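Thanks for coming. I have one structure to go through today, so please have the sequence and the 3D view open.

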Amino acid sequence: MGCPSKVLLGDNIVFGACTHDPDTGVLTDADVVPTYRIYEDETTAPILTGSMAKLDDANTTGHYTEKIACTTANGFEDRKTYTIYIEATVDSDTGGIPYAFNVDPYGPGLYNFDAESKSFNFNVRTRAYNFNAEPKTFNFIAKPRT
Amino acid sequence: MGCPTEVYLGDNLVFSVCTHDPDTGVLTDAGAVPTYRVYEDETAVAILTGNMAKLDDANTTGFYTELVACTAVNGFEVRKTYTVYIEATVDSDTGGISYAFKVSP
């Protein structure tokens, strides 16, 4: 699938498409650059629309991508599903594909220990961690990234 | 793929399809709205079934979506895999696609 399934609010996401001639099944450049429309849940009005662009045209065929900023300014919200509707026309035949992704306030579940500040930094969905290291006990509360 | 691969229990999830005429490969509205069935793991009885709906019909072709509430009331459980089976008929030819996602706590 040419789209990640999850993105952290505020991060960028890139989706891609490879266009084929439906008459032959052969990878073929589109007649014009594909267009896209991005919908939040099932709201009829898209929050973003635009055109994709060729990527590495010298070494690829029919390969188009688009990068979008999944920011609140662009209308994205935590824990919503966003559906991308892409249309492309090849040899005068129009095809389409949908992608979907979620915006996640908790990120991919990474954590680290910062030795300099002697702090643990969690970026996980789990609500709380208890780390017992004798003779000390540490209690961690995981919060969404801000 | 027109479906996220992960959802938190209690959240909504939207899946989607674009229907094509298999004779021409051209994006085409289905003869009727596509139907869907949602299965938990490999349990043969679907936990949810229904019909999808067109979205933004004025600006799209053959574009159908459905929002489901992934709640315990609807039968969803954490750490299970849910498979969405979708059927659509275009120009009297029936096609299908399946998506899968997991529910996280």
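Start with A:T83 and what surrounds it. Leaving out residues up to four places away in sequence, A:T83 touches A:R37, A:I38, A:Y39, A:Y99 and A:A100, and from the other chain B:V14, B:S16 and B:F63. Keep in mind that this is a predicted model. A:T83 sits in strand 7 of chain A. Is A:T83 buried or exposed? Its relative accessibility is 0%, and the cut-off for buried is under 20%, so A:T83 counts as buried.

Now move to strand 8 of chain A, where you will find A:N102. This residue has a relative accessible area of 9%, so A:N102 is buried too. Which residues does A:N102 touch, again not counting those up to four places away in sequence? In chain A they are A:S5, A:K6, A:V7, A:K80 and A:T81, and in chain B they are B:P4, B:E6 and B:V7.

Two of these neighbours deserve a second look. With A:T81, the side chain of A:N102 makes a side-chain to side-chain polar contact of 2.9 Å. With B:E6, the side chain of A:N102 reaches the backbone oxygen, at 2.8 Å. That second contact takes us across to the other chain, so let us turn to the interface as a topic.

How many residues does each chain bring to the contact? Chain A gives 30 residues and chain B gives 31 residues. The area buried between chain A and chain B comes to about 2,400 Å², and carbon and sulfur atoms account for 53% of that. Between the two chains there are 15 residue pairs in polar contact, counting pairs with both residues at pLDDT 80 or more.

Which parts of chain A supply the side that touches chain B? Strand 3 (35–40), strand 7 (81–90) and strand 8 (93–104) of chain A each supply at least two residues. Strand 8 of chain A has the largest share, 11 residues. Sorted by class, the side of chain A that touches chain B has 11 nonpolar, nine polar and 10 charged residues.

On to the charged pairs. Side chains of opposite charge can pair when their charged atoms come close. Across the interface of chain A and chain B there are three salt bridges. In one salt bridge between the chains, B:D11 pairs with A:R79, and the closest N and O atoms are 2.9 Å apart. There is also a network of salt bridges that links A:K6, A:D104 and B:E6. You have met two of its members already: A:K6 and B:E6 are among the residues that A:N102 touches.

Over all chains, the count comes to 12 salt bridges. Some of them lie within a chain. In chain A, the side chains of A:K80 and A:E77 meet in a salt bridge at 3.1 Å, N to O. A:E77 has 37% relative accessibility, so A:E77 counts as partly exposed. In chain B, look at B:K80 and B:E77, whose side chains form a salt bridge at 3.0 Å, N to O. B:K80 is partly exposed, at a relative accessible area of 21%, and B:E77 is partly exposed as well, at 38%.

One more pair in chain B: B:K54 and B:D29 form a salt bridge, with the closest N and O atoms 2.8 Å apart. Where do these two residues lie? B:K54 is in strand 5 (residues 53–54) of chain B, while B:D29 is in the loop between strand 2 (12–18) and strand 3 (35–40) of chain B. They are 25 residues apart, and the pair links distant parts of the chain. Both are partly exposed: B:K54 has a relative accessible area of 29%, and B:D29 has 34%.

To finish, step back to chain A as a whole. How many helices and strands does chain A have? The count is zero helices and 12 strands, so read from the N terminus you meet β elements from start to end. Of the 146 residues in chain A, 37% are buried. Chain A exposes about 8,000 Å², with carbon and sulfur atoms supplying 51% of that area. Finally, take the contacts in chain A between residues at least 6 apart in sequence: 55% of these join residues at least 24 apart.

Technical notes:
Residues numbered from 1 in each chain as written. Chains lettered and ligands numbered in written order. Predicted model: local features only at pLDDT ≥ 70, side-chain atom pairs only at ≥ 80, totals over all residues. Heavy atoms only, no water. Contact = heavy atoms within 4.5 Å. Buried area = accessible area lost by both parts, 1.4 Å probe. Salt bridge = Lys/Arg side-chain N within 4 Å of Asp/Glu carboxyl O. Polar contact = N/O pair within 3.5 Å; in protein donor to acceptor, adjacent residues only side chain to side chain. Helix = DSSP H or I, 4+ residues; strand = E, 2+ residues; numbered from the N terminus. Nonpolar A, V, L, I, M, F, W, Y, C, P; charged D, E, K, R; others polar. Buried < 20%, exposed > 50% of the residue type's maximum accessible area, 1.4 Å probe, protein only. Areas by Shrake-Rupley, 256 points an atom, 1.4 Å probe, with all protein chains shown as cover.
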